[in-house]
Amino acid sequence: MGRYIIKRLLMIIPVAIGVTVLIFTIMYFTPGDPATIILGSNASAEQLKQKNAELGLDKGYVQRLADYMGNLILKQDLGKSYMNNRSVSGDIMERFPRTLTIAFFSILIAIVIGIPLGIAAAVNHYKWQDSVAMIVALFGVSMPGFWVALMLVLLFALKLALLPAMGIGDGLRSYILPCIACSFGGLATIARQTRSSMLEVIRADYIVTARAKGQVERVVIYKHALRNALIPVVTDAVTSFGLMLGGALVIETVFSIPGLGVYMVTAINSRDYPAIQGAVVFMSIVFSLVMLLMDLIYAFVDPRIKSQYQKSKRRIGDA
Amino acid sequence: MRNEMTSPAGRKLKKSSQLKYIAGRLKRNKLAVAGLIIIIIMTLVAIFSPWLAPYQYDKTDLSNMFSPPTREHPFGTDELGRDILSRIMYGGRYSLRIGIISISCAAVAGAAIGSVAGYFGGKSDLLIMRVLDIIQAIPGLVLAIAVSATLGPGFTNCIIALAIGVTPAFARMTRASILNIRKMEYLEAATSINASNFRIISRHVLPNALSPLIVQSTMGIATAILIAASLSFIGLGVQPPTPEWGAMLAGGRNYITNYPHLVIFPGVTIMIAVLSLNMLGDGLRDALDPKLKD
Amino acid sequence: MNEALDSKKETRPETEGETLLSVRDLQVIYTASGQVIRAVNGVSFDLKKGQTLGLVGETGAGKTTIAKSILRILPDPPAKIVGGEVHFEGEDLLKAPVKRMGEIRGKKISMVFQDPMTALNPVLTIGEQIEEVYKLHEKLNHQKAAEKIAEMLEMVGIPSERYNEYPHQFSGGMKQRIVIAMALSCNPDLLLADEPTTALDVTIQAQILDMIYRLKQEHKMSMIMITHDLGVIAEVCDEVAIVYAGEIIEKGSKEEIFDFPTHPYTRGLFNSLPSLNSDETRLKPIPGMPPDASDLPKGCHFNPRCAYATEECRSGRIEMTEVRPGHYCRCIHAADMEAK
């Protein structure tokens, strides 16, 4: 198992390099002169030229890419912000935990509510509980997260005054509404997937075997069916987590939570390219790590996959 | 490529009976039919909005700002006294078009890339798949943000940003279908009569990979509308005063405390559009899935 | 060969000849997209202790449904038992509370399924899956259960050290052995074997069948063997019931049925078998297709395919008649069939 984890970790490296090259290239073609952005349009041609040289922007594409990659790999340095000359990686590390907090609690809510909802729907197939749960889930996947956030603010912060509408001044309470808003889409997706894979698994022969053994229905559902049904749900949960990391970026802006999303929007509005680029590269690496996590969970829950990576003495054949 | 797929008469015949069968199964799914009807109505309203809308979408009325829903303005008016209902009707032209065009582009590009990868295999497959890996390593919304930041805001750029993000998913799916189909015997038959690669891909392989593509496209349009709204909301997609639904939400959010109708109605509209597409997509998936017989 | 089971074997009183299971007028329907499919239409039979009853019929005739009805493990919906009684040791299982059924399943009545590839839970080790039976019915702790499981595995020819392996690590034949070990672990009174060899390689079929028969004899169980293979019947059964379109159309002792097949369908079954000692060079298939269970033919369900069908066969329900002592047949022309 250890070897498998290391192998998968190593496989992230080329992807991360590829992502960095891709993002760098996209940003390279951005129109506009950074020196002008920094110094303003009143600066003289001489000043601009000097600034560009200072930033290393007078060099060619390959040289600049090599510098960027070198700094990233050797010093975990994503460059300096055009706006305030602060280290981009430092700013990201300061803000990312807030984004991660939202995404983490959101996926937690989504799993804790979504899976039981999906099971309830599947177990009550053809009954009203199923229809209600699935219509609710269908609404869940169809609402923009940031709009849900706005509606929650309207109801719980502005009308009922129960929870803060913005900022992170109230500690964890500040995160309640953002997390609920961010969890909606994933919750619905997980509920839908749990239901459909439960329905498929419940019809499986081994479920009949379990019943034929005299196993009580509750154990049949939760031990025999659920463990199999959850395997495809892993994909959805992890994908949802990735989407929530993205969604959290937008939802932050609704609540003015100073996370990576607000950072990116500010950077985009002030054309602070090193900051944008750094944030995108960082998010992509995080996303790759999340995908690695998915593979590891798979290997953990599905013995058929696990055994591929174990040096087990596989003996096949009949006595 | 599209035309290639439907041109031979024999194919068309076979397809039509298959389509009839699928349509029959789809018709029994009430939610899917409802979704289809709603989305058709929304599209028609968007197309004919200049004639249907009670007001011009950009007609300001400073004497009647922030009007709550009334008989004259069923959805109220916004901060410049513009009629929100009319703006939503016009806005469909942007929101729905962004979804449909970006997904069509992505589907065509993805199908082409995926076919090449799946059909030829080997090194070209490896190269394509690694590039797709890289694009997919960037979360969809983040990639859309990066591309929009580079290209700048706007309608066309928004479409490009979305299309780039979803192309890999289509390519992967097409490749997977094709890898399945490649094993089938009728391809050997086609190869044995010396059909060209292009002919084999376009006439034999693609049509069979089509049904998952259709389902994915329907769902994809729904997702694209959501992402486009998010982009507009953070100021990267379509810009106000264009009445795109996400942009309307962005414009209205500052007034949410006192005039919530500015954000409620555009949001509900997005939800209904996405909901209908999802219901249709679910129905299509079930109708096209041979495993679900009843 | 096996102490645990040997000791139990001795405690079971010698009660051969007593009726263990009595099924009366069993009726099962399936509902699918508004259509009602009549899968089992008034099936009745008795099974004596220690005996093996063979249920023979084509795919879709309702054999598996009958067996699953006895254990009440049909998927509901779409399946529903709409009538009849299943008396097991004097108790009507169809009226038993759910909890009571849980005590019977796996303990008193066990089942072996057709497809071993899908009958085992892929995410649990085979040990865990067998252990469940012991924990449920004999309240054994982990240690005790593990010893028993090892014995059971060895008994069906699986090395006991493979206890902790997952189903995908075994071949089809081995999986079926595991399923059998699981079914026999509580030494049930009745084993329902649903085509236990159909999904296996021909070379393994005989091994598994021999093993089932041997274990059945050793443990003095009763058994219902479901099959479409008359060869299997010849090998293991005492009594035979021929099932067609959800009805038993002929039943009797194995010797009776093999020596004096009466119903035209039964005769068709025998004629479609290759025979090594006859001069016939061609097999005679039964013409036509099995009937559509949602739209059964009136009268005798076999009449559209029957060469001897007359007007009478196309109306009214055909009753079972005793054609020879202990040999029943659901055919109006049964009496004159022998001449034909």
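Me: In which loop is the place of E89(C)?
Reply: E89(C) sits between β4 (79-88) and β5 (91-92) of chain C. Strands here are DSSP runs of E with at least two residues, while helices are runs of H or I with at least four residues, all numbered from the N terminus. The model is a predicted one, in which local features need pLDDT of at least 70, side-chain atom pairs count only at pLDDT 80 or more, and totals for chains, interfaces and linings use all residues. Residues are numbered from 1 along each chain as its sequence is written, and chains are lettered from A and ligands numbered from 1 in the order in which they are written.

Me: Why is E89(C) called partly exposed?
Reply: E89(C) has 15 other C-beta atoms within 10 Å. With C-beta atoms placed from the backbone, 20 or more within 10 Å would make a residue buried and 12 or fewer exposed, so a count in between is partly exposed. E89(C) also has a positive phi of about 50 degrees, although it is not a glycine.

Me: What makes S256(A) partly exposed?
Reply: Within 10 Å of S256(A) there are 13 other C-beta atoms, so this residue is partly exposed. S256(A) belongs to the loop between α10 (217-255) and α11 (260-269) of chain A. Its phi is positive, about 50 degrees, and S256(A) is not a glycine.

Me: Why is chain A called more spread out than a compact globule?
Reply: The radius of gyration of chain A is 25 Å, and the globule rule gives 20 Å for 319 residues, so chain A is more spread out than a compact globule. That radius is taken over C-alpha atoms, and the rule is 2.2 Å times the number of residues to the power 0.38. The C-alpha atoms of chain A fill a box of roughly 85 × 65 × 30 Å along the principal axes. Chain A has 13 helices and 0 strands, and 42% of its 319 residues are buried.

Me: How many residues of each domain of chain A are in the contact between them?
Reply: Domain 1 of chain A gives 16 residues and domain 2 of chain A gives 15, where a contact means C-beta atoms, placed from the backbone, within 7 Å. α1(A) supplies the largest share of the domain 1 side, 12 residues. The bounds, 2-75 for domain 1 and 89-318 for domain 2, come from an automatic or database domain assignment. The centres of the two domains, taken over C-alpha atoms, are separated by 33 Å.

Me: What makes β6 (109-112) and β11 (321-324) of chain C edge strands?
Reply: Each of these strands pairs on one side only; pairing requires that DSSP finds at least two bridges between two strands. The open sheet has 8 strands in the order β6-β7-β8-β3-β9-β10-β12-β11 (chain C), with mixed pairing.

Me: How do you know that β6(C) pairs with β7 (residues 190-194) of chain C?
Reply: 4 bridges join β6(C) to β7(C), and the two run parallel. In this pair, S110(C) stands opposite L191(C).

Me: Which peptide bond from P240(B) is cis?
Reply: The bond to P241(B) is cis, with omega near 10 degrees. P241(B) is found in the loop between α10 and α11 (245-252) of chain B.

Me: How many residues do chains B and A give to their contact?
Reply: Chain B gives 33 residues and chain A gives 39. Among the elements that give two or more residues to the chain B side are α6 (122-136) and α12 (261-288) of chain B.

Notes:
Contact = placed C-beta atoms within 7 Å.
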